[in-house]
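Hi,

Here is the structure I promised to send over. Have a look at it first, and my notes come after.

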Amino acid sequence: RFYGARHSTINIGYKIDFELETNLKSSIPRLKDVMQLGFNWIFDKNRLYCWQRYVKLFYAHFKDIEIIDIFYFELLNSLAHVMIKQNPQRAICENYAKLLEFEGRLHTDFHCLLCEQPIFNQVSLVRSFLPTHPACSYSRNFNFSKMQEFFNEKSLISFEDDDVECLWNILLQGL
């Protein structure tokens with residue numbers, strides 16, 4: 001059900017509190033007393049834009065799932081606190097690595113997705129941070145040791161801003 005017409009506080013990425021009101025005429029409960037629980041950075045356009053783009057990716061990821069593990073809420077909640085001081089793209093990419101690890105989709109073995117050979121020097125990433133050889137995927141290459149550190153530590157501290165921008169663009173291809 002679309003709640004935006006009557007509940008203007010509901011927007012993508014907003015954390016809300018509400019009560020459910022059931023009606024005998026409908027099997028879908030109605031939201032009642034909707035209240036937005038704001039973040040410290042909610043009026044920072046860049047942070048909000050990055051947050052909304054990341055949260056929007058979860059729709060397709062959770063499609064057709066009835067019960068969602070509490071891990072996802074806690075992951076997003078911790079990200080909201082980290083984004084107070086950290087670069088939003090950097091924070092979201094680190095958060096995404098934690099998500100991939102939880103779901104068992106973080107490929108720390110560094111075998112090329114396309115040719116299935118081990119990767120040693122330079123590594124490229126494709127959608128879902130899958131490692132490939134730069135020659136196989138014709139995409140930007142990253143320093144192998146930095147990428148290993150990122151996958152193991154879930155930290156982009158040693159990455160330059162242009163590298164983080166590239167990782168951000170890979171992330172936006174989909175979870």
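Below is what turned up inside the fold, starting with the core. Keep in mind that this is a predicted model.

The largest nonpolar core has 47 residues, and those touching the most other members are Trp51, Tyr54, Phe129, Phe142, Met147, Leu167 and Leu171. Two or more residues of this core come from each of H1, helix H2 (70-82), H3, E3, H5 and H6.

A good place to start clicking is Ile92, in helix H3. Ile92 is buried, at a relative accessible area of 0%. Beyond its sequence neighbours, Ile92 touches Cys50, Trp51, Tyr54, Leu79, Met83, Trp168 and Leu171. Its C-alpha sits 7.9 Å from that of Trp51, although the two residues are 41 apart along the chain. Tyr54 has its own set of contacts further off in sequence, including Leu76, Asn95, Tyr96 and Leu175.

Then there's helix H6 (residues 161-171), with Asp163, Val164, Cys166, Leu167, Trp168, Ile170 and Leu171 buried. Those residues pack against helices H1, H3 and H5 and strands E3 and E5.

Now the rings: the whole structure has 16 aromatic pairs. Phe39 and Trp51 make an edge-to-face one, 5.2 Å centre to centre with 65 degrees between the planes. Phe39 is in the loop between strand E2 (26-37) and H1, while Trp51 is in H1, so the pair ties together parts 12 residues apart in sequence. Both are buried. Phe129 and Phe150 also pair edge-to-face, with centres 6.0 Å apart and planes at 65 degrees. These two belong to a cluster of linked rings that also includes Tyr96, Phe110 and Phe142.

Cheers

Definitions and conventions: Residues numbered from 1 in each chain as written. Predicted model: local features only at pLDDT ≥ 70, side-chain atom pairs only at ≥ 80, totals over all residues. Heavy atoms only, no water. Buried < 20%, exposed > 50% of the residue type's maximum accessible area, 1.4 Å probe, protein only. Helix = DSSP H or I, 4+ residues; strand = E, 2+ residues; numbered from the N terminus. Contact = heavy atoms within 4.5 Å. Core = buried A, V, L, I, M, F, W, Y, C linked by side-chain atoms within 4.5 Å. Phe/Tyr/Trp six-rings, centres within 6.5 Å; stacked < 30°, edge-to-face > 60°. Lists of a residue's contacts leave out its neighbours within four places in sequence.
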